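Thank you all for coming; I would like to walk through one chain with you this morning, slowly enough that anyone new to reading structures can follow along. Please look at the picture while I talk, and stop me whenever something is unclear.

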Amino acid sequence: MATVSVEHDCPLCIEGFAPCGIDPVLGPVMQFCPTQPHCDSCGGAVFPTDADCMPQFADLMAARGYHAIFCPACTGVIVLIRIGEGF
Ligand SMILES: [Zn+2]
Ligand SMILES: [Zn+2]
């Protein structure tokens, strides 16, 4: 993940990320601050605040019956696929 080196002072977010609600599967999620350019690869992935460690998070999603697809560029979650229902 890119490090934010500039002082980012805005009421919409915390250190470049803005809380955007609670997903039933992911838990509390954040998005890039609306005032910042979004990731070019995905155009707006979400970042679960519970995910301290991605492999651990993947296990948690699997336990809830989902497989999370991450953006390779920003490591946010792009889509959730229900395990067992196929593509
Ligand atoms: Zn902001
Ligand atoms: Zn992305």
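Let me begin with a single residue, Glu15, which counts as exposed because 8 C-beta neighbours lie inside 10 Å of it, and a residue is called exposed here when that number is 12 or fewer. Glu15 sits in the segment before β1, and its phi is near 50 degrees, a positive value in a residue other than glycine. If you wonder what makes that worth a remark, the general background is that most residues other than glycine have a negative phi.

Before going further I should say plainly that what you see is a predicted model. The mean pLDDT of the chain is 86, with 89% of its residues reaching 70 or more. Among the helix and strands, confidence is lowest in helix α1, residues 54-63, at a mean of 88, and highest in strand β5, residues 77-82, at 94. As a general caution, where pLDDT is low, the predicted coordinates should not be read in detail.

Now for the overall plan. How many helices and strands does the chain have? There are one helix and five strands, and if you follow them from the N terminus on, the elements run β-β-β-α-β-β. Of the 87 residues in the chain, buried ones make up 15%. If we take the contacts between residues at least 6 apart in sequence, 30% of them join residues at least 24 apart.

Let us turn to the sheet of three strands, which is open, has the order β1-β2-β3, and is paired in the antiparallel sense. The strands β1 and β3 stand at its edges, each with a single partner strand, so one side of each is left without a neighbour in the sheet. Between β1, residues 17-23, and β2 there are five bridges, and the hairpin that joins these two strands passes through three residues. Within that pairing, Phe17 stands opposite Phe32, while Pro19 stands opposite Met30. Met30 is also a useful residue to find on the other side of β2, where its bridge partner in β3 is Phe47; β2 and β3 pair over two bridges.

The helix comes next along the chain. Is α1 largely buried or in the open? Of its 10 residues, the number buried is one, so α1 lies largely in the open. Just after α1, Gly65 takes a positive phi of about 90 degrees.

After that we reach the other pair of strands, β4, residues 66-70, and β5, which pair in the antiparallel sense over five bridges. One of the facing pairs here is His67 opposite Ile81. The hairpin of β4 and β5 has six residues between the strands, and in that loop we find Thr75, which has a positive phi of about 65 degrees although it is not a glycine. Thr75 counts as partly exposed, because it has 14 C-beta neighbours inside 10 Å.

I would also like you to look at what is packed inside. Which residues make up the largest nonpolar core? There are 10 residues in all, including Phe17, Phe32 and Phe47, which we have already met in the sheet, together with others such as Met61, Ala68 and Val77. Leaving aside residues up to four places away in sequence, Val77 touches Leu26, Ala45, Val46, Pro48, Ala68 and Phe70.

My last stop is Cys42, which is found in the loop between β2, residues 27-32, and β3, residues 47-48. With 19 other C-beta atoms within 10 Å, Cys42 is partly exposed, because a residue needs 20 or more to be called buried. Again not counting residues up to four places away in sequence, Cys42 touches Cys71, Ala73, Cys74, Gly76 and Ile78. The C-alpha atoms of Cys42 and Val77 are separated by 9.3 Å, although these residues are 35 apart along the chain.

To close, please keep in mind the open sheet with the order β1-β2-β3, the hairpin of β4 and β5, and the helix α1, which lies largely in the open. I am happy to take questions.

Key
Residues numbered from 1 in each chain as written. Chains lettered and ligands numbered in written order. Predicted model: local features only at pLDDT ≥ 70, side-chain atom pairs only at ≥ 80, totals over all residues. pLDDT = per-residue confidence, 0-100. Helix = DSSP H or I, 4+ residues; strand = E, 2+ residues; numbered from the N terminus. Contact = placed C-beta atoms within 7 Å. Pairing = 2+ DSSP bridges. Core = buried A, V, L, I, M, F, W, Y, C linked by C-beta atoms within 7 Å.
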